Amino acid sequence: MRLKGAPESRPATADAPAVPATTGGQDVLVVFATSVGMAGLNLLVQAMLAYTLLPEGRGAYAVCMVFGALLALVFTPGAAQGTQYFVAARQMSVSQGVSAMLIISLAGGGLAAALAVPLLYGDLAYFQKAETHTFLLSLVLVPAGAVSFGVHQQLIALRRFRRLAVFSLLRVAANVLGALVLVWRLGFGVEGAIIAFAVGHCVMTATGLADLRRHCGLALALPTRSNLARILGYGLKHHVAWIGTVMELQIGILMMGMLASRADIGLFSAASTLMVGFALLSNAVGTALFPRVAGRECGELVALCLRLVGVATAAALLPFLILSAPLVRLLLSEAFLPAVPLLWIIAPGILALALSGILMTHFKGVNRPEVCSWAVLLGLCVNLGALLLLYPKLGVAAAAWSMTIGMLCRCCFLAIVFHRATQMAWLATWLPRRSDVSFLWAAGRSVLARSTPPSFPPHHRHSRENGNPAPESASTVVESSTLRSMDSRRRGNDEE
């Protein structure tokens, strides 16, 4: 029989490149270290923009960036997530996946620009928050961002995390260098910041494609109609989730672009940008987890990641909040001190965001991305409704409250569906266990070890029923003794 919600098996591609022999702990460490490095460089950019543009200029930059990001999201369904899934599940070659990504990204970018230009010359209040030529310049980010992120996702699908780390750091370093020259040195303001961001995307695209061509057999190959249909089908199912995931972080800026001043937009944008950095660990774990659960059911492994990410994120948030006032004064200048109360309001939502990221990785991996779409749509509607209701009374704080409430609703919905689909007990999923400490200890040792731990025995229940190879899951992050105990528990829980 086939488990409810499990994907149908498809033949693997014959030319799929071999995955690197790395453990899950090593992959998480590489991704997390990269994320921390990128966060540090991004923080440098944010500080540079804060000191040079001040809250008003920072607000104009924010509305232009959100505009470009939204267009890229809306008009490129499946370009990144769809091609990533089919390449990771070995149901499509790298050449087919990358070619489809490029076609969708470039065609979507052209269509987005054609439809957006007339809006810029209208009377919408949002487009009064920056100069028209600045909004026009932000249209460059649509194809540049879509292709760059598509290449990023392909490297994740192939588990080339170390190369991805180098290319990602190069991207952000190019952004920093561009901002330093164009904004700080030459005084090009918001336009210079946008150009610097686009240059970073171009660096990521060039280096990533070169690596895929050299090491993964990437070649020019027009995708078949069947593959395009499958990619777009997956993309459309996940489209609402993908748009909402990004826009749930930006809906406050989008709405405040119509309601608030540039200064208030700048304060909220700076606060939310700082807090989203605490989802780095969740992103790192989810990134390493996805290629291991793509096409498989690994509920126990997902639950383990939920517990570890939840505890670690909460432990990181608390000291930052306690020291938030001096840190904001140091990083963003005295002008941004009114953003400090917003940080405390956003914190519970960031914890929910971190947990949601792991749950959404599970649903994307089992080919149920529509669950992510439902959850994100719910959170987005709650966010928007709360903002409209609270803004007349709370002002800029309403954007922070609505962001947190929306993220909490999304996380609760995903958790309920996860438990219904996996039939796992609530306490067994969320309550920390002593074995989690052993898992972390073994994972840390595997990171330092030169050899790769053995994998699960081939009689794993889900791999038999789905017709897929035995999942690596926890085998890639723990030693053999820990693996045997986890596998024994999982098989005991799965008995019917």
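**Exercise 1. Orientation of H2 and H5**

H2 and H5 are roughly parallel to each other; in this predicted model, establish this from the crossing angle of the two helix axes.

*Solution.*
1. Locate the elements: helix H2 covers residues 81–88, and helix H5 covers residues 141–157.
2. Read the geometry: the two axes come within 9 Å and cross at roughly 20°.
3. Apply the cut-off: angles under 35 degrees count as roughly parallel, and H2 and H5 are therefore assigned to that class.
4. Add the handedness: the crossing of H2 past H5 is right-handed.

**Exercise 2. The contact of H2 with H5**

Identify which residues of H2 meet which residues of H5, and sort the contact by class.

*Solution.*
1. On the H2 side, the residues are Gln81, Thr83, Gln84, Val87 and Ala88.
2. On the H5 side, they meet Phe149, Gln153, Gln154, Ile156 and Ala157.
3. Sorted by class, the contact comprises five nonpolar and five polar residues, with no charged residues.

**Exercise 3. An aromatic pair**

Determine how the rings of Phe67 and Phe135 are arranged, and whether each residue is buried or exposed.

*Solution.*
1. The count of aromatic pairs in the model is seven.
2. For Phe67 and Phe135, the ring centres are 5.6 Å apart and the planes stand at 90°, so the arrangement is edge-to-face.
3. This pair joins distant parts of the chain: Phe67 lies in helix H1 (residues 24–74) and Phe135 in helix H4 (residues 132–138), 68 residues apart.
4. Phe67 has 7% relative accessibility and counts as buried; Phe135, at 1%, is buried as well.
5. Together with Phe127, Phe67 and Phe135 form one aromatic cluster.

Notes. Residues are numbered from 1 along each chain as its sequence is written. This is a predicted model: local features need pLDDT of at least 70, side-chain atom pairs count only at pLDDT 80 or more; totals for chains, interfaces and linings use all residues. Side-chain values use heavy atoms; hydrogens and water are left out. Axes are lines fitted to C-alpha atoms, for helices over the stretch in contact, and angles run from 0 to 180 degrees between N-to-C directions. Helices (H or I, at least four residues) and strands (E, at least two) are DSSP runs, numbered from the N terminus. Angles under 35 degrees count as roughly parallel, over 145 as roughly antiparallel, 65 to 115 as roughly perpendicular and the rest as oblique. A crossing is left-handed if the near helix is turned anticlockwise from the far one by less than a right angle, and right-handed if clockwise. Contact means heavy atoms within 4.5 Å. Ala, Val, Leu, Ile, Met, Phe, Trp, Tyr, Cys and Pro count as nonpolar, Asp, Glu, Lys and Arg as charged, and the others, Gly among them, as polar. Rings of Phe, Tyr and Trp (its six-membered ring) pair if their centres lie within 6.5 Å; planes under 30 degrees apart count as stacked, over 60 as edge-to-face and the rest as tilted. Buried means under 20% relative accessible area, exposed over 50%, partly exposed in between (1.4 Å probe, protein chains only).
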